[in-house]
Amino acid sequence: MTKTLIVYAHLLAACVAVGVLLIQDMALAKTRGRSLPADVINDLIKAANLVFVALVVLWISGLALVLVGYMEDPQHYLQNEKLWAKFTVVGILTVNGITLHYFSFPRVISAHGLLGQPSLTQVLVVLTGAISSVSWLFSCYLGIARPWNHTANYGFVMAIYGLVLISACIVAGEVLRSMRKTMDFSCSLNE
């Protein structure tokens, strides 16, 4: 019963975090890199706070699940390489979340918007966004990938994560390029 409640809390926190992130990503995509109105900024701040709480719940419930799993099978539980891959992805997700909060977020909500930032900053902001989306979704996938328990090795899981991450970064770069072209086109029309 206790394990089921912990899994439920873990699942709810993941659903809240991923749901909020995807909704906010769609809202940001609609702005096309321009400066954001005050109501959108307020929504982003609320969403960031909600995702932070969800991440804390995920860490606590995840560590509790590991403790329960270890107590049930102390000789084999921690030998699951998929588990260590999930910890790695969640670690990346957490460090990237800190980077998003302190680096990317202030630039996105600035009066200049994303496209008003220097080119390198624009690239770093969209890359942190891509890393965030992939890491959240991939860690959720690892949570349900039961057939990989004790069968998939760490390198295999991380290689798949890396390929998905590289693909997402390429797509993010193309989206940024498209936003820049749209901005350049609209600027040339205004001249």
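**Close-up 1. N149 sits in the loop between α4 and α5 of this predicted model**. N149 is partly exposed, with a relative accessible area of 25%. That value falls between the 20% limit for buried and the 50% limit for exposed, so "partly exposed" is the right label. Which residues does N149 touch, leaving aside those up to four places away in sequence? They are N80 and K82. I170 makes a useful second marker for this view. N149 and I170 are 21 residues apart in sequence. In space, their C-alpha atoms are 30 Å apart.

**Close-up 2. A salt bridge joins K3 and E72**. The side chains of K3 and E72 meet at 3.4 Å, N to O. The pair links distant parts of the chain. K3 belongs to helix α1, residues 2-31. E72 belongs to helix α2, residues 38-72. The two partners are 69 residues apart. Is each partner buried, partly exposed or exposed? K3 counts as partly exposed, at 36% relative accessibility. E72 is exposed, with a relative accessible area of 53%. The cut-off for exposed is over 50%, so E72 passes it and K3 does not. Side chains of opposite charge can pair when their charged atoms come close.

**Close-up 3. A salt bridge joins R177 and E174 within helix α5**. The structure holds two salt bridges, and this view shows the pair R177 and E174. Their side chains meet at 2.5 Å, N to O. Where do the two residues sit along the helix? R177 and E174 are three residues apart in α5, which spans residues 154-190, so about one helical turn separates them. R177 is partly exposed, with a relative accessible area of 42%. E174 is also partly exposed, at 41%. Helix α5 deserves a note on confidence. In the protein chain, confidence is lowest in α5, at a mean pLDDT of 84.

**Close-up 4. The largest pocket holds about 1,200 Å³ of space**. Its lining has 45 residues. D25, L28, L100, G129 and S132 lie nearest its centre. Which elements give two or more residues to this lining? They are α1, α2, α3, α4 and α5. Helix α3 covers residues 81-108. It gives the most to the lining, with ten residues. The lining divides into 30 nonpolar, twelve polar and three charged residues.

**Close-up 5. The second largest pocket has a volume of about 810 Å³**. How many residues line this pocket? There are 32, and the closest to its centre are H10, L65, K86, G143 and R146. Helices α1, α2, α3 and α4 each supply at least two lining residues. Here α2 gives the most, with nine residues. The lining divides into 19 nonpolar, seven polar and six charged residues.

**Close-up 6. The largest cavity holds about 30 Å³ of space**. The count comes to one cavity of 30 Å³ or more. Which residues line the largest cavity? They are V18, L21, L22, D25, S132, S133, W136 and L137. Helices α1 and α4 each give two or more residues to this lining. Five lining residues are nonpolar, two are polar and one is charged. D25 and S132 also appear among the residues nearest the centre of the largest pocket. Rolling a probe the size of a water molecule over the atoms shows where empty space is left.

**Close-up 7. S132 is a buried residue of helix α4**. Its relative accessibility is 9%, and the cut-off for buried is under 20%, so S132 counts as buried. What does S132 touch, leaving aside residues up to four places away in sequence? Its contacts are L21, N96 and L100. Among these contacts, L21 also lines the largest cavity, as does S132. L100, like S132, is one of the residues nearest the centre of the largest pocket. Helix α4 spans residues 119-144. Confidence in the protein chain is highest in this helix, at a mean of 94. For the protein chain, the mean pLDDT is 89, and 95% of its residues reach 70 or more. Where pLDDT is low, the predicted coordinates should not be read in detail.

Definitions and conventions: Residues numbered from 1 in each chain as written. Predicted model: local features only at pLDDT ≥ 70, side-chain atom pairs only at ≥ 80, totals over all residues. Heavy atoms only, no water. Salt bridge = Lys/Arg side-chain N within 4 Å of Asp/Glu carboxyl O. Helix = DSSP H or I, 4+ residues; strand = E, 2+ residues; numbered from the N terminus. Buried < 20%, exposed > 50% of the residue type's maximum accessible area, 1.4 Å probe, protein only. pLDDT = per-residue confidence, 0-100. 1 Å grid on protein atoms, 1.4 Å probe; cavity = no way out; pocket = protein on both sides within 12 Å on 5 of 7 lines; lining within 4 Å. Points joined across faces, edges and corners; volume = space filled by probe spheres on them. Nonpolar A, V, L, I, M, F, W, Y, C, P; charged D, E, K, R; others polar. Contact = heavy atoms within 4.5 Å.
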